Amino acid sequence: MSLAPLYAKAAVGAVLPRRGSGLPADEVVRDDVLVDRGHVAEYARVCGFALSDTLPLTYPHVMGFALQVELMARRTFPLPLPGLVHVRNRIVATRAIDAGELLRAAVHAERFVAHPKGAQVDLVTSISVEGSLVWSGRSTYLARGTTPPPGAISAAADELPDVSDEPVAAAWRVPADAGRRYAAVSGDVNPIHLHPLAARAFGFPTAIAHGMWTAARAVASLQGRTDDAVAYDVEFRKPLRLPSRVELRTRRVDGGWDLGVAGRVEHLRGTLRRSA
């Protein structure tokens with residue numbers, strides 16, 4: 001599904017006054033969701049996952065992202081959607097999700113906090129089957145230059161492990177159209193990912209890859225070497241310019257992996273651990 005109409009609505013709404021300074025208390029919910037297996041297969045191809053009857057670990061983020069944009073495009077949301085930067089993402093899966101299961105997807109906002117560069121907010125996605133939570137994702141967004149509400153706590157600044165001294169586990173050539181290909185399967189049509197001219201309008205010298213494509217491509221490289229119940233935490237560092245050549249480095253640790261993606265600069269740090 002293309003989210004272009006919601007992005008257009010958000011762009012218009014960004015110049016209008018926001019209706020409130022706090023986070024909306026309501027959820028955006030979709031019940032009885034059945035995924036399209038063809039779409040899952042195309043997502044798997046774009047992100048490097050092997051085809052399977054179970055959903056790739058990062059696929060539910062695509063389901064939740066559409067609901068995130070719907071929530072953030074509302075004028076009751078305190079931060080304008082254009083300009084928000086995805087800085088961190090945390091996923092917890094309690095088990096594998098079969099592509100034939102009937103799902104409930106819900107998104108709400110949490111933790112409107114202060115950041116040295118502005119304000120941060122978390123969009124939390126929950127995926128349930130028959131009332132049981134099977135997957136959750138926490139997407140942290142930064143609004144540069146934005147003032148948080150009075151009394152807001154400061155965002156924690158913990159960093160994930162550095163694996164730059166580890167040997168190269170894989171190397172990828174990321175083509176110039178990687179942003180357009182991921183946009184087609186994710187619905188994320190933010191112009192900074194689609195074309196160099198559009199990216200330059202937002203201060204980037206060229207189009208950049210989606211952070212969640214990089215996160216998906218990295219964890220896809222470990223497919224078959226992890227448990228079904230896992231916690232995947234990624235920190236997005238410098239933008240990945242398109243086209244590029246990047247390297248994946250990994251470190252085997254007790255209960256999982258540390259990993260990182262870098263080219264001329266560091267793009268992503270992550271940890272993958274068995275979840276309780």
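Trainee: In this predicted model, does R274 count as buried or exposed, and at what relative accessibility?

Mentor: The cut-off for exposed is over 50% relative accessible area. R274 passes that cut-off and therefore counts as exposed, with a relative accessibility of 52%.

Trainee: Which side chain meets that of R274 in a salt bridge?

Mentor: The N to O distance of the pair is 3.8 Å, and a salt bridge requires a side-chain nitrogen within 4 Å of a carboxyl oxygen. The partner of R274 is D227.

Trainee: How many residues apart in sequence are the parts that D227 and R274 tie together?

Mentor: D227 sits in the loop between α6 and β7, while R274 belongs to strand β10. At 37% relative accessibility, D227 counts as partly exposed. The pair therefore ties together parts whose separation in sequence is 47 residues.

Trainee: S275 is found in the segment after β10; is S275 buried or exposed?

Mentor: S275 touches V92, A93, A229, V230 and A231, leaving aside residues up to four places away in sequence. Its relative accessibility is 18%, and the limit for buried is under 20%. S275 therefore counts as buried.

Trainee: What is the order of the strands in the open sheet?

Mentor: The sheet has 10 strands with antiparallel pairing. β1 (28-33) and β6 (168-174) each have a single partner strand, so they stand at the edges with one side lacking a neighbour in the sheet. From one strand to the next the twist averages 15°. The order is β1-β3-β4-β5-β2-β7-β10-β9-β8-β6.

Trainee: How many bridges join β4 to β5?

Mentor: Strands β4 (residues 118-129) and β5 run antiparallel, and Q120 stands opposite L142 in β5. Their hairpin has two residues between the strands, and there E130 takes a positive phi near 50°. The number of bridges joining β4 to β5 is 12.

Trainee: Which residue of β5 is the bridge partner of R90?

Mentor: Strand β2 (residues 85-93) and strand β5 (residues 132-144) run antiparallel and are joined by eight bridges. The partner of R90 in β5 is R138.

Trainee: On the strands β8 and β9, which residue stands opposite R249?

Mentor: Seven bridges join β8 (residues 244-253) to β9 (residues 256-262), and the two run antiparallel. Opposite R249, in β9, stands G260.

Trainee: What angle does the direction of α3 make with that of β3?

Mentor: Helix α3 packs on the sheet and touches β1, β2, β3 (103-115), β4 and β5. Its direction and that of β3 make an angle of about 60°.

Trainee: Which helix gives the most to the largest nonpolar core?

Mentor: That core has 68 residues, of which Y43, L57, L123, Y182 and Y232 touch the most other members. Y43 has contacts that include F49, P56, Y182 and A216. Eight residues of the core come from the helix that gives the most, residues 59-72, which is α3.

Trainee: Which residue does R95 meet in a salt bridge, and is that partner buried or exposed?

Mentor: The side chains of R95 and E101 meet at 3.0 Å, N to O. R95 counts as partly exposed at 31% relative accessibility. For E101 the relative accessibility is 19%, so E101 counts as buried.

Trainee: How many salt bridges does the structure hold?

Mentor: One of them joins R245 and E247 at 3.2 Å, N to O. Salt bridges with shared partners also link E159, D162, E235, R237, E266 and R269 into one network. The total for the structure is 27.

Technical notes: Residues numbered from 1 in each chain as written. Predicted model: local features only at pLDDT ≥ 70, side-chain atom pairs only at ≥ 80, totals over all residues. Heavy atoms only, no water. Buried < 20%, exposed > 50% of the residue type's maximum accessible area, 1.4 Å probe, protein only. Contact = heavy atoms within 4.5 Å. Core = buried A, V, L, I, M, F, W, Y, C linked by side-chain atoms within 4.5 Å. Helix = DSSP H or I, 4+ residues; strand = E, 2+ residues; numbered from the N terminus. Pairing = 2+ DSSP bridges. Axes fitted to C-alpha atoms, helices over the stretch in contact; angles between N-to-C directions.
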